[in-house]
Amino acid sequence: MMIRRAFLLLPVFLALAACDTPPMRQSYATLTFQDRPPIRLDVAHIEIVEGYQAPGTAPHIDHLFPQKPADVAAAWGRDVLRAVGQRGMATYTIVDASATETALPRSTGLAQMFKTEQSDRYDLHIEVKLEVGNPLLSSTGYVTASVNRSQTVAEDMTLNEREAVWFQMTESAMRELDEKLEAEIRDKLAPFVR
């Protein structure tokens, strides 16, 4: 009788064991640039062009980031650039916002069993271009800026830990890109800045 009860309860225990709940996904603050002073351009209209399309296949991983680098780069254009003129146009283009994953060589045999190694390298590249033209000024101009980030990660990192690395890479890269763009615009596009 006892064996029969145990046998009847076996599927219940197996079903419970199979119900492994996935870990809670960490949420991240939205990366914006609304808190910084805008750059006022002497144009009537600003167009944001998303020239980069994520392939969505390996080795590309930018589509897996908590915030896609292309979206954050586009947010910079929307949040920072302001059209305050009567004529002319500015075009802000996301040229590249790619992130790739490269598997790193690891030890084999007994040596591998006793140490945690770096298993992957993530490479992030963001490049943007701002073109400005105003017929009233009889002038045109453009600037480009790009940034790179590279990070290796350990083989025992969880998905949440990897996503935290991706978020930090994006945030750090965009901080540098913000500084570079500000300097380039004020230097090379000074006639268009009000």
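## Notebook: a sheet, two helices and a core

**Entry 1, a charge over a ring.** I began with Lys-129, which lies over the face of Tyr-142, 4.8 Å from the ring centre. A reminder to myself: this is a predicted model, and I read every value below in that light.

**Entry 2, the overall layout.** Next I stepped back to look at the whole protein chain. I found 4 helices and 6 strands. Read from the N terminus, the elements follow the order α-β-β-α-β-β-α-β-β-α. Of the 194 residues in the protein chain, 36% are buried. I also looked up how contacts are spread along the sequence: among those with a separation of 6 or more, 78% are between residues 24 or more positions apart.

**Entry 3, the sheet.** I then traced the strands. Which order do the 4 strands of the open sheet take? They run 2-4-5-6, and the pairing is mixed. Strand 2 (45-50) and strand 6 are at the edges with a single partner strand each, so each has one side without a neighbour in the sheet. From one strand to the next, the twist averages 15°.

I took the pairings in turn. Strand 4 and strand 5 run antiparallel and are joined by 14 bridges. Within that pairing, Thr-91 stands opposite Glu-131 in strand 5, and Tyr-92 stands opposite Leu-130, also in strand 5. Strand 2 pairs with strand 4 in the parallel sense, over 6 bridges. There I noted Val-49 opposite Thr-93 in strand 4.

**Entry 4, helices on the sheet.** Two helices caught my eye here. Helix 2 packs on the sheet and touches strand 2, strand 4 and strand 5. Its direction makes about 155° with that of strand 4. Helix 4 packs on the sheet as well, touching strand 4, strand 5 and strand 6. The direction of helix 4 makes about 155° with that of strand 6.

**Entry 5, Thr-91.** I wanted a closer look at one residue of strand 4, where Thr-91 is found. Is Thr-91 buried or exposed? With a relative accessible area of 17%, Thr-91 falls under the 20% cut-off and therefore counts as buried. Setting aside neighbours within four places in sequence, I listed the contacts of Thr-91 as Glu-47, Val-49, Lys-129, Leu-130 and Glu-131.

**Entry 6, the core.** I looked up the largest nonpolar core, which has 43 residues. The members that touch the most others are Leu-41, Trp-76, Leu-81, Tyr-92, Leu-130 and Ile-185. Two or more residues each come from strand 1 (39-41), helix 2 (69-80), strand 4 (89-103), strand 5 (118-134), strand 6 (139-154) and helix 4 (159-188). Helix 4 gives the largest share, 9 residues. For background, I jotted down that nonpolar side chains tend to be buried together in soluble globular proteins.

Tyr-92 earned its own list. Not counting residues up to four places away in sequence, Tyr-92 touches Glu-47, Ile-48, Val-49, Ala-73, Ala-74, Trp-76, Gly-77, Leu-81, Val-128, Lys-129, Leu-130 and Leu-181.

**Entry 7, Leu-181.** From that list I followed Leu-181, which lies in helix 4. Its relative accessibility is 0%, so Leu-181 counts as buried. Beyond its neighbours within four places in sequence, Leu-181 is in contact with Trp-76, Tyr-92, Val-128 and Ala-145. I also checked Leu-181 against Leu-130: the two are 51 residues apart in sequence, and their C-alpha atoms are 8.9 Å apart in space.

**Entry 8, aromatic pairs.** Last, I turned to the rings. How many aromatic pairs does a search of the whole structure find? The search finds 4. I picked Tyr-122 and Trp-166, whose ring centres are 5.5 Å apart and whose planes are at 75°, so this pair is edge-to-face. The pair links distant parts of the chain, with Tyr-122 in strand 5 and Trp-166 in helix 4, 44 residues apart. Both Tyr-122 and Trp-166 are buried. Ring pairs also bring Phe-65 into a cluster with Tyr-122 and Trp-166.

Notes: Residues are numbered from 1 along each chain as its sequence is written. This is a predicted model: local features need pLDDT of at least 70, side-chain atom pairs count only at pLDDT 80 or more; totals for chains, interfaces and linings use all residues. Side-chain values use heavy atoms; hydrogens and water are left out. A nonpolar core is a set of buried Ala, Val, Leu, Ile, Met, Phe, Trp, Tyr and Cys residues joined through side-chain atoms within 4.5 Å. Buried means under 20% relative accessible area, exposed over 50%, partly exposed in between (1.4 Å probe, protein chains only). Contact means heavy atoms within 4.5 Å. Two strands pair if DSSP finds at least two bridges between them. Axes are lines fitted to C-alpha atoms, for helices over the stretch in contact, and angles run from 0 to 180 degrees between N-to-C directions. Rings of Phe, Tyr and Trp (its six-membered ring) pair if their centres lie within 6.5 Å; planes under 30 degrees apart count as stacked, over 60 as edge-to-face and the rest as tilted. A charge sits over a ring if NZ of Lys or CZ of Arg is within 6 Å of the ring centre and within 35 degrees of the ring normal.
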